[in-house]
Amino acid sequence: MQANKIYNFIFLSFLLTTTVAAQDEKINGNIALHLSSNDSMYVVTATVTNIATQQPAKDVELTFYVQRTFGLMKVADGTTDSTGIITAEFSSDIRGHDATKNFLLIAKVEESDVMKDTAFQVSIQSKLTFPADKPIPRSIAGAHAPWWLVVSFIAAVGVVWLLFVYVLYLVYRIKKASMKVIS
Amino acid sequence: MACGNNCTCNRNESGNQDNSRRDFLLKGLMGGIGAAFLSGCSGSTSPKSESGDKVNVLTHDGKLVAVDKSQVANFKPHISEEDVRKGIPGKKFVMVIDLAKCDGCGKCTKACNKMHYLPSNKEWIEVLEMQDSPEVSPYYFVKPCMHCDNPPCTKVCPVDATFKREDGIVAIDTDRCIGCRFCMAACPYSVRLFNWTEPVKPNIVETTPAAENVFQSKKGCVEKCDFCPHMAREGKLPACVTGCPMNAIWFGDANEDAVTCYDGTTTKLSQLLEDGGAYRFMEELGTEPRVYYLPPVNRTYDAKEIKIEKEGK
Amino acid sequence: MEKLNPEIKNQIENELLSTVGRRYRQETFWVIFLGLICVGGTVAWIIQLRKGLGVTAMRDYVSWGLYISLLFFFVGVSLIGALVSCVLRMSGAKWRYPLIRIAEAVTLSAIFFAGFMPVLDMGRPERLYYLITHGRIQSPILWDVVAIATYFIGSVIYFYLPLIPDLAIMRDKLTDAPKWRRKLWRWLAMGWEDNLLQRRLLKKAMLILCIVILPVAISVHTISAWLIAFTLRPGWNSTIMGPYFVFGALMAGTAIMILIIAKLRHGYRLEHYLTPKHFNNLAKILLALTAFYLYLNINKYGVPAYKMAKEEKAVLNDLFYGNNSFFFWFTQIAGLVIPIIILSFKRFRQSIKWVVTASVMVLLGALINRYLIVVPNMLHPFVPIQHAQHGYASYNPTLIEWAITASSLAGFVLLIILLFKPFPVITMWEVTEEVEKRGEKEIGVENIITLQNIPTHAS
């Protein structure tokens, strides 16, 4: 990993587009995700603001997940302080979702007393290499036979069958030999 | 997902056709996000005679069209034979079974049988009672197909009917299987089953290649646990995992280093294996199974109640 | 040795040709009897094809049963041709000459049924051609198919080559045979006129084939052994399987050979050609093979029994004291130890009756042994058998299976008889030639050149 990339900086935020019927007790919130990383950890900073008032929302419980094929993997959680900010750290040994090495980090508000359920996500490029798609090699267990097996198989069977053909050729010569008077 | 067309469809007649409805949904869903769409593009041959049944199909430009059911049945599978033999790109499926949590309820087997329309006497995933030696405590042992990386079964198959896919799954193509049963003899885990007689067919139509069918039983062919690739294509867990209320079975993608269990908890695979002291069943055979076991320590059930069946009769 | 009197030679040929197309009452009875068994087996097979393999007692644990046991038996028996025509040839045993065609007929029939057994065992026989269209050469089944096909073709050629001069004799002598037969003989005899070049070419062809056929024969049976040795099952996962099968096969083949020549000797009145010398020599070979097979058995069962590893233990206990112990000890004691004792005595070896008795015991032991190699191992897999449905954790062959098995064995014998019918059983030209060269004693024939002893019933 190059030094200048260690502190690479990703800032992405997505606006909540769903319009949920207003409920008096709970606010609609917006989450801005700010991600940085050091050697072994990702540091995610989430800033939660009330959409209506544009004020920081405090005491919101946030859970951070990484999107995996079959579910969301929880990596960190926390509660916003009075400035509406959570800083959480999680290990950076997280693999990408596919060969692009990207994975989705999702910040979720679930059953919070303050805010309505919502989720924001950010796409992160993993520092770990994604295992390359390896075709099944030519092998005994695979669909295609190893070359040495093909060669030895064909050679063994071929030699035998060629000798059979030669023997039949000798029989043919026996037939030919009947025309000549030799003895 | 080749064509990316979305489609929704409903049968427009009422009746007891729950199954047929499901077929169509299956077909649509099994193509991934896509994509049943109308003839022309499908390139399928031999149109069946008009059955008179009409179904509504939502085309990709948003129109609802009523078409004859026979035309729908002719949709070409969106997963080609080649796709099925190659596997789901970028995935390496893996299963972790936590023997400490398994209480032997057998719900995984039931869920699996339901998913694959198996009769109760067939078990793709089996729950055995094991006791390694007389003094040690017995435990329940869940045995799906190990989907070995060095599979003894695919080695011996004479016609490439059972094969290893790039996503780790060992699948069976029942359109290819000649029924020699060499794979059954070769499998040290006894997971393979044979259709000795004509199986009872459910009322479903499947258009994927045989190796990813939900219902795989075919007379004179071998079948076994397939890790539910049709579910995995949709990002869904296999039937046994979603059927295990004890959260004993984890399933996931080793490339992503994550596994998920029944309640949706997703955890890092490497961490789970490390913390749990995972092992693979009969590692010494060198088959390199894709199923890991967490040893039955600190069990959540009473081990004394397990009764071990004596071998044979 | 001086040349044979042409008249005597003529007499010998007439005598040997007398069996061609001739009807024997006992033989006719056997042909009908065996034919009926085959019809029964065919009916059973049709039922099996229609209903699926569910009509057999094979189930998921014992997924191979009598059919595969029989495959191993037939492949094994087919080795006798290679033993007589190659091994004995290379060891310079001159007494083999009268036996060559009989051995090749047994081989042909056995390898034909060996090729047939896997088809009987297949769940989807209609997909047999997939082996060609989708064949995977990593699979021992494909090797087996190729090897069996190769050995079959090789055996047909080997059956045919020594037949050429005999066909020429038939063409020249049996002039009153039906026209189509004479036409066929003329065509098959390849214009044989016994000139030097033809003789040289024939000898060369036979030598080449003799050298090629031996590795083919050994590979056929070794590959069959690999079908089970390539699996990770306790009891099968063993390196001894190849040689174990090959020598077991040579032993069973020799036993069958002895039984067949014992039958032919009286049935076809060949007492002068198949003599006690042949029985004595074959008995010696059988003695050596049974003793060696006992040695291999001690290795196969004794070595794991000393260690008693967990998985092997279940199989071995089953064989030593369990359900199969009677069969196991029968194969070891009645099938090996007692025949060895019988054959060890010169007096018994020289008595055809005793040699035949020993052969019957060896053959029975060999047949049961094939079953013991296949079935008990399948009942003791690594993963314990639990919650098995009724009939899954045991193997008691059904009537259908027995019918098909019986008819395969019947068909094997029937095919041998049918192969003896259109041709002389003894290779006429070679026997007369060798008698000229080396005398009767070395070839093992008796009194064939003493004119007055020959009962003539030439047609």
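The following exercises, with worked solutions, concern a predicted model.

**Exercise 1.** Describe the make-up of chain B and state how confident the predictor is in it.

*Solution.* Begin with the secondary structure: chain B contains nine helices and 14 strands. Next, consider burial: of the 313 residues in chain B, 49% are buried. Then turn to the contacts of chain B with a separation of 6 or more, of which 63% join residues 24 or more positions apart. Finally, examine the confidence: the average pLDDT of chain B is 79, and 74% of the residues score at least 70. Residues 1-50 of chain B have a pLDDT below 50, and this stretch has 93 contacts in the model beyond near neighbours in sequence. Residues 73-77 of chain B also have a pLDDT below 50, with 17 contacts in the model beyond near neighbours in sequence.

**Exercise 2.** Determine how many residues chain C and chain B give to their contact, and which elements of chain C take part.

*Solution.* First, count each side: chain C supplies 42 residues and chain B supplies 38 residues. Second, identify the elements of chain C that give two or more residues to this side: they are helix H6 (130-133) and helix H7 (140-160). The largest share, three residues, comes from H7(C). Third, sort the chain C side by class, which yields 22 nonpolar, 13 polar and seven charged residues.

**Exercise 3.** Carry out the analysis for the contact between chain A and chain B.

*Solution.* The count comes first: 20 residues belong to chain A and 25 residues to chain B. On the side of chain A that touches chain B, strand S5 (residues 71-79) of chain A gives the most, with three residues. By class, this side of chain A has 11 nonpolar, four polar and five charged residues.

**Exercise 4.** Characterise the packing of helix H14 (residues 325-344) of chain C against helix H16 (residues 352-378) of chain C.

*Solution.* Two quantities are required, since packed helices are described by the angle between their axes and the distance between the axes. For H14(C) and H16(C), the angle is about 155° and the axes are 8 Å apart. Angles over 145 degrees count as roughly antiparallel, and H14(C) is therefore roughly antiparallel to H16(C). The crossing of H14(C) past H16(C) is left-handed. Next, locate the residues in contact: H14(C) contributes, among them, Phe327(C), Phe328(C) and Phe330(C), while those from H16(C) include Trp354(C), Met361(C) and Leu372(C). The last step is the class count, which gives 17 nonpolar, five polar and no charged residues for this contact.

How values were computed. Residues numbered from 1 in each chain as written. Chains lettered and ligands numbered in written order. Predicted model: local features only at pLDDT ≥ 70, side-chain atom pairs only at ≥ 80, totals over all residues. Helix = DSSP H or I, 4+ residues; strand = E, 2+ residues; numbered from the N terminus. Buried ≥ 20, exposed ≤ 12 C-beta atoms within 10 Å, placed from the backbone. Contact = placed C-beta atoms within 7 Å. Nonpolar A, V, L, I, M, F, W, Y, C, P; charged D, E, K, R; others polar. pLDDT = per-residue confidence, 0-100. Axes fitted to C-alpha atoms, helices over the stretch in contact; angles between N-to-C directions. Parallel < 35°, antiparallel > 145°, perpendicular 65-115°, else oblique. Left-handed = near helix turned anticlockwise from the far one by under 90°.
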